[in-house]
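Reader: I should like to learn how the side-chain features of a model are read. Please take them one at a time.

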Amino acid sequence: MATTPRAARMRLFTTVTSLALIAAAGPALAQQSGTDDGYTMLGRLIYGWGTPKVAIDTPQAVTVIDQQDLDEEQPRTMGDLFADVPGVQAAGASARMLGQAFNIRGIGNAEQTGSQNRIIITVDGAVKFFEQYRTGSFFGDPELYKRVEVLRGPASSTMYGSGAIGGVVNFTTKDATDFIPEGQTGAVRLKGAYDSNGDGKIGTLTYAQKLGEDADMLFSYSQGASDDMEDGAGETIPATAGDRWSALLKSNYYFGENRDQRLTFSASRTDSDLKDAAVAQTGGSLASAFGTSDLHAIDDTLSLTYANEGVGNPWLDLEAQLSYSKTSTERDNFSLGMMCSAGRFSVLCPNTASYETTALKLENTVEMSRGAWENYLTFGTQLSHQNRYANSSVGEPAFHPGGTEDKLGLYVQGEFVWNDKLTITPGLRVDRAWLSPDAAAAAQGGTDQDGTAVSPKIAALYQFNDTWGVFGSLARTERMPTLDELYQTDGIGAAGRTASLNLDKEKATTVELGVTYQTSGLISEGDSLSAKATLFHNDLTDLIAANPSGSVGVPYFRNVDSAKIWGGEIEASYEADRWFGQLAYSKVKSKDEATGQTLTDTPAENIALTLGAKFPDQGVRAGWRVQGFSGIETASASTSAPGYATHDLFVSWKPERLAGIEVNLTVENVFDREYRNNLSLDNAPGRNVKLAVAKAFTW
């Protein structure tokens, strides 16, 4: 790949970072990750369910990825995050920094990136969404985040929005207190990272400072670049080269008589630049059919949050948030630019596209405990305004119609706990939306639309004793058509597909049943084992799908017959002084009721087993992970694939004698296996050795 000014700056930044790490000497404490090495993943707190709950005590399938996991995994793309999370994968491209979407339990489209609200994504509470032709749906840099919380299934719709058939993924950015040790006031952390596959380099500089007793601030900047990667056969995976920088500014201010009030400001940007990238970023056969272009993407997130815990006041636990999100892309230098024309081939014309969302959310929790009952009631409202914009050298492209969506949501969720044994969680959400096309979309037949979606649920967990528990939920949600689904056309009038103004809402009814198990002292004193198994069954009706390309005089999108998705998940973790282990298993089955075929977006049955050892005196933690995927045939050849297994190794070193130094070494695909995940559409990278070295200076 030719050297660009941005790549040159990245190399200089990485070189300076590396030299500083080598020269670093003197006392400093390592980054405080917030991870307690003595508990399992199922012992981590879940904040997105309602009131904070331990994962194993939440009546829903939930998983938390924290800083320790991120350090060991060294993710370069969003797909790298979920190896140990059952039922969750990236869909689309396997190795491109853009071109990935999320798939939870078979919900999430590998080829088109999926429709809004089937899976809801948030960053520091701000809802993220992007949907452009085969480009991907989330462009954030993994370097920004310290925590990823995954809530699987539509029971999450109550708190986040109707239509979350797949679930919710919440990203939390880093805080100053993650870097400043107790009793100190500031920190600077330098990090350099290298990937052998693609010659990737990343440098990160983080500055954290306490501003008196009641405030803190953090600034972090990261820059990286990579050449094209290779698969296990040594073949180049096209369009995997690119460079990216990201920045985060975050500040907290605590006040009030009990310091129970907080103002938090968070602003982040990820800027990605890909040269000669596939127009069809999500891959598959169309990756070559549409050629390449240069792609520049910018992802911005801003939020201002006021929280009042109301210490001593059971009627007050308030959070108010104003957020702004904008994701935009710019494409030019098309290899097939000679085919640029209005209509279907506007996708080959220089173009820009964006989603811009401003939202206000107000939420309060009241406590109404009586006798053996500990009762909480959370209620709130969410207002948002989304502007969808696109333009090209031949006018507004047909594949990305413009318009606005205004939405008002009202929700309430109860949590009633009896004698620390029985937890009952009912919930209800109502969303009202108003959608309007812009002038170009209106000229193609688009008209104003509105609709209402209702999402009720009830969930319960019963703890028989300290070891065994059972849980279950019944949730129904509705997903209203999006701007894209209502107004997209082929751009050629009645000679092609037209606006889809008579779409019904998608509907999903899901039943979950599960069992929990936790114990300690199983093999050695102080060890712990926890496990959670879940069965689910999802009935889907009025699914929204595109009519075949080349259809004439029919709506672009239509409602299709019902489908069913069912399956099971197992998540288990073991922790001891010297050993640890982890298991994630998922099996998803599906059926199109009209054809009897397996749905296109169904993931293959898979298992991930991690075994590792700890050497506390040396500050070393090492492990091995094997991932196995069965073969699968779906309704589409592009999402069918044979089975495979891969092996990864990881070692982390945080020596006490060299305080502040952190070294993480990861070897992915140790045996250089050639394979393709059925949802990835391209071959996965071959062997990749990742090395990250960090040094913290504190005062």
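Author: Let us begin with burial: a residue is buried under 20% relative accessible area, exposed over 50%, and partly exposed in between (1.4 Å probe, protein chains only). This is a predicted model, in which local features need pLDDT of at least 70, side-chain atom pairs count only at pLDDT 80 or more, and totals for chains, interfaces and linings use all residues. Residues are numbered from 1 along each chain as its sequence is written, and side-chain values use heavy atoms, with hydrogens and water left out.

Reader: Is Arg 105 buried or exposed?

Author: Arg 105 has a relative accessible area of 5% and is therefore buried. Glu 512, at 2%, is buried as well.

Reader: How is a salt bridge recognised, and how many are there?

Author: A salt bridge is a side-chain nitrogen of Lys or Arg within 4 Å of a carboxyl oxygen of Asp or Glu. By this rule there are 40 salt bridges. In one of them, the side chains of Arg 105 and Glu 512 meet at 2.7 Å, N to O. Arg 105 lies in the loop between β5 (100-104) and β6 (119-123) and Glu 512 in strand β23 (residues 506-520), so this pair ties together parts 407 residues apart in sequence. Here strands (E, at least two residues) and helices (H or I, at least four) are DSSP runs, numbered from the N terminus.

Reader: Which side chain meets Glu 506 in a salt bridge?

Author: That of Arg 479, at 2.8 Å, N to O. Glu 506 is in strand β23 and Arg 479 in strand β22 (residues 468-479), so the bridge joins parts 27 residues apart in sequence. Both Glu 506 and Arg 479 are buried. Salt bridges with shared partners also join Arg 105, Arg 152, Glu 512, Glu 569 and Glu 571 into one network.

Reader: How should aromatic pairs be read?

Author: A pair of aromatic rings is described by the distance of the centres and the angle of the planes. Rings of Phe, Tyr and Trp (its six-membered ring) pair if their centres lie within 6.5 Å; planes under 30 degrees apart count as stacked, over 60 as edge-to-face and the rest as tilted. The structure holds 19 aromatic pairs. Tyr 644 and Tyr 675 form a stacked one, 4.3 Å centre to centre with 25° between the planes. This pair links distant parts of the chain, 31 residues apart: Tyr 644 is in strand β31 (residues 644-653), Tyr 675 in the loop between β32 and β33 (688-698). Both Tyr 644 and Tyr 675 are buried.
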